[in-house]
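Hi everyone, thanks for having me. Let's look at this one together, and please stop me if a word is new to you.

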Amino acid sequence: MSAAEFVPDTDDPAELRAAAAHCRGCDLYRNATQTVFGEGPRHAPVVMIGEQPGDREDTAGHPFVGPAGQLLDRALDEVAIDRDAVYLTNAVKHFKFTERGKRRIHQQPNRGEITACAPWLTAELAAVRPHLIICLGAIAAQAVFGPSFRVSRQRGQLLTVDDHRAIATVHPSAVLRAPDREQAYRDFVADLRIAQQAMTSP
Ligand code: URA
Ligand code: SF4
């Protein structure tokens with residue numbers, strides 16, 4: 001299964017978004033509320049990629065509006081990256097979860113779902129053509145750099161992939177879960193600072 005047959009041949013992100021609303025490229029559309037597509041300026045200098053929408057994003061229809069998004073906002077503020085100037089998206093566009101009572105518990109997308117959804121991300125990158133890609137966490141990093149990429153070893157390094165400059169850091173949810181949250185937050189901000197410097201250099 002793949003999203004490929006649903007992706008229109010266009011470099012207009014608005015057309016991609018409209019088509020993605022009807023994607024059935026894998027089974028995740030069945031239980032989720034809606035497709036949460038990328039958002040941001042059409043030719044944003046930076047594309048930032050997360051894993052997949054969470055509970056709050058699924059309901060709202062926008063990426064990074066829940067707790068992880070709030071932490072991300074704070075960190076972006078600290079390194080003077082304007083969120084409104086960033087095209088923000090996810091490697092997988094539908095929320096995956098299990099129900100426990102009334103709560104919906106996030107589940108990691110599997111390799112098949114990540115691969116199925118990849119054509120959307122590829123189309124977004126081709127449409128926006130950013131100066132820099134920032135990957136948040138392993139799912140995004142492996143979608144961009146390939147399956148052998150290790151965030152723990154290669155975070156904070158400015159790399160080149162398919163003519164894009166790209167850098168990976170941890171996912172903001174990992175910062176929220178870290179035993180030493182303060183240290184994890186400082187390390188996250190340090191990586192974003194490297195990204196910010198790469199954004200402003202030629
Ligand atoms: N986590 C993600 O990876 N993406 C979102 O949009 C929200 C939480
Ligand atoms: Fe399509 Fe991606 Fe949603 Fe699967 S997760 S249905 S491939 S948009």
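Which residues surround ligand 2? Keep in mind that this is a predicted model. Walking along the chain, we meet Ala3, then Cys23, Gly25, Cys26 and Tyr29. Further on come Val92, Lys93 and His94, and the group ends with Ala116, Cys117 and Trp120. If we sort this shell by class, eight residues are nonpolar, two are polar and one is charged. And the space that ligand 2 takes up is the largest cavity.

Now for the helices. Find helix α1, residues 13-20, and helix α4, residues 111-128. They pack at an angle of about 165°, and their axes are 10 Å apart. An angle over 145° counts as roughly antiparallel, so that is what α1 is to α4. Their crossing is left-handed.

Our second pair is helix α3, residues 67-78, with helix α8, residues 181-200. Here the axes lie 9 Å apart and the packing angle is about 55°. That angle makes α3 oblique to α8. As for handedness, α3 passes α8 in a right-handed crossing.

Definitions and conventions:
Residues numbered from 1 in each chain as written. Chains lettered and ligands numbered in written order. Predicted model: local features only at pLDDT ≥ 70, side-chain atom pairs only at ≥ 80, totals over all residues. Heavy atoms only, no water. Near = heavy atom within 4 Å. 1 Å grid on protein atoms, 1.4 Å probe; cavity = no way out; pocket = protein on both sides within 12 Å on 5 of 7 lines; lining within 4 Å. Sits in = over half its atoms within 2 Å of the grid points. Nonpolar A, V, L, I, M, F, W, Y, C, P; charged D, E, K, R; others polar. Axes fitted to C-alpha atoms, helices over the stretch in contact; angles between N-to-C directions. Helix = DSSP H or I, 4+ residues; strand = E, 2+ residues; numbered from the N terminus. Parallel < 35°, antiparallel > 145°, perpendicular 65-115°, else oblique. Left-handed = near helix turned anticlockwise from the far one by under 90°.
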